[in-house]
Amino acid sequence: MKQVSQECAHSPTFSVIIATKNASCTLARCVDSVLSQTFESFELIIQDGESTDGTLECLATYDDPRLTIHSEPDESIYQAWNRALEQATGEWICFLGADDYYWSTDVLSRLHPHCRRARQSGIRFVYGSIHAVNGVPPVVLSTLGKPWESARQRFVHEMSVPHPGSLHHRDLFHDHGQFDPSFKIVGDYDFLLRELPRRAAWFADGIIIAGVSTGG
């Protein structure tokens with residue numbers, strides 16, 4: 001990743017990364033949920049895998065300086081994330097699926113003080129809860145995300161934190177490298193195993209961060 005001074009006034013607080021491949025049916029909802037955030041210090045990076053279904057045409061309708069779009073072939077979502085990480089300049093980095101979306105317009109605003117307090121405590125991974133949803137309009141099937149005291153007991157055996165509802169301090173990628181692109185799934189869990197067995201995570205209690213569509 002780029003080395004970015006934390007004192008740089010032009011560096012955003014959050015980098016939101018979305019990897020896409022033929023996601024035209026759901027992408028607009030995801031993008032709109034990010035661009036409508038009331039907390040303005042963020043950038044949105046979309047890494048597309050050369051979609052052919054109208055995804056790029058959908059993205060062409062947006063005119064927002066906070067949004068950047070890259071399209072090139074990739075072999076996995078983790079390779080796409082790694083490429084987007086090379087462009088990211090935010091202090092905290094989060095990843096949304098193209099069929100996920102922020103639950104409310106104040107998600108980043110509510111997360112910001114949690115991120116600040118976590119950093120002051122030396123914690124580099126922040127997460128909250130997500131709703132697993134299905135259908136249009138969405139029906140909430142379940143809510144995922146428990147306090148770290150509970151989640152950490154299971155973490156060495158399974159991914160017990162909801163990745164679409166999490167934020168990674170950029171230092172994690174400086175210290176641990178990037179995602180292993182050979183994984184088709186669980187690459188997020190593989191990455192966090194380099195950090196969380198030895199260090200704590202911060203749970204943003206009371207915040208529903210994202211709606212996550214079932215089925216992937």
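Which are the buried residues of helix H1 (residues 27-35)? They are Leu27, Cys30, Val31, Ser33, Val34 and Leu35. The legends below describe close-up views of a predicted model.

**View 1. Helix H1 and its covering elements.** The buried residues of helix H1 comprise Leu27, Cys30, Val31, Ser33, Val34 and Leu35. Their cover includes three elements named here by residue range, strand E1 (14-20), strand E2 (42-48) and helix H2 (55-59). Strand E4 (92-97) and strand E5 (100-102) are also included in that cover.

**View 2. The largest nonpolar core, with isoleucine 18.** This core has 35 residues, and those with the most contacts inside it are Ile18, Leu44 and Tyr102. Two or more residues are given to the core by each of E1, H1, E2, E4, H4, E6 and E9. E9 provides the largest share, six residues. When neighbours within four places in sequence are left aside, isoleucine 18 is in contact with Leu27, Cys30 and Val31, among others. Its further contacts include Leu44, Ile45, Ile46 and Gln47, as well as Leu96, Gly97 and Ala98. Of these partners, Leu27, Cys30 and Val31 are also among the buried residues of H1. Another core, of 26 residues, lies apart from the largest one and has Leu85, Ala88, Phe95 and Trp148 among its members. In soluble globular proteins, nonpolar side chains tend to be buried together.

**View 3. The two faces of helix H5.** Helix H5 (residues 148-155) has Trp148, Ala151 and Phe155 as its buried residues. Viewed down the axis of H5, these residues fall within an arc of 65°, and they therefore line one face of the helix. An α-helix has 3.6 residues a turn, so residues three or four places apart point the same way. Exposed Glu149 and Gln153 occupy the face of H5 turned away from its buried side. The cover over the buried residues of H5 includes strand E6 (125-134), helix H7 (187-192) and strand E9 (202-213).

**View 4. Arginine 170, a buried charge without a salt bridge.** Arginine 170 belongs to the loop between strand E8 (166-169) and helix H6 (171-176). Although buried, arginine 170 has no salt bridge. The nearest side chain of opposite charge is that of aspartate 171, at 5.7 Å; a salt bridge requires the nitrogen and oxygen to be within 4 Å. The side chain of arginine 170 instead reaches the backbone oxygen of glycine 90, at 2.7 Å.

**View 5. The salt bridge between aspartate 171 and arginine 119.** The side chains of aspartate 171 and arginine 119 meet in a salt bridge with an N to O distance of 2.7 Å. This pair links distant parts of the chain, since aspartate 171 is in helix H6 and arginine 119 is in helix H4 (residues 107-120), 52 residues apart. Aspartate 171 counts as partly exposed at 22% relative accessibility, and arginine 119 is likewise partly exposed, at 30%. Side chains of opposite charge can pair when their charged atoms come close.

**View 6. Further salt bridges.** Eight salt bridges are found in a search of the whole structure. One joins the side chains of arginine 154 and glutamate 158, at 2.6 Å from N to O. Arginine 154 is partly exposed, with a relative accessibility of 33%, as is glutamate 158, at 37%. Another joins arginine 199 to glutamate 195, whose closest N and O atoms are 3.6 Å apart. Here arginine 199 is partly exposed, at 32% relative accessible area, whereas glutamate 195 is buried, at 2%. A network of salt bridges links Arg124, Asp175, Glu195 and Arg199.

**View 7. Alanine 132 in strand E6.** Alanine 132 lies in strand E6 and counts as buried, at 11% relative accessibility. Its C-alpha atom is separated by 6.2 Å from that of threonine 214, a residue 82 places away along the chain. Neighbours within four places in sequence aside, alanine 132 is in contact with Val139, Val140, Leu141 and Ser142, and also with Val212 and Thr214.

**View 8. Glycine 187 in helix H7.** Glycine 187 is placed in helix H7 and is buried, its relative accessible area being 0%. Residues up to four places away in sequence not being counted, glycine 187 touches Tyr78 and Phe179. Between glycine 187 and tyrosine 127, which are 60 residues apart in sequence, the C-alpha to C-alpha distance is 17 Å.

How values were computed: Residues numbered from 1 in each chain as written. Predicted model: local features only at pLDDT ≥ 70, side-chain atom pairs only at ≥ 80, totals over all residues. Heavy atoms only, no water. Helix = DSSP H or I, 4+ residues; strand = E, 2+ residues; numbered from the N terminus. Buried < 20%, exposed > 50% of the residue type's maximum accessible area, 1.4 Å probe, protein only. Lys, Arg positive; Asp, Glu negative; His and termini not counted. Polar contact = N/O pair within 3.5 Å; in protein donor to acceptor, adjacent residues only side chain to side chain. Arc of directions from axis to C-beta. Contact = heavy atoms within 4.5 Å. Core = buried A, V, L, I, M, F, W, Y, C linked by side-chain atoms within 4.5 Å.
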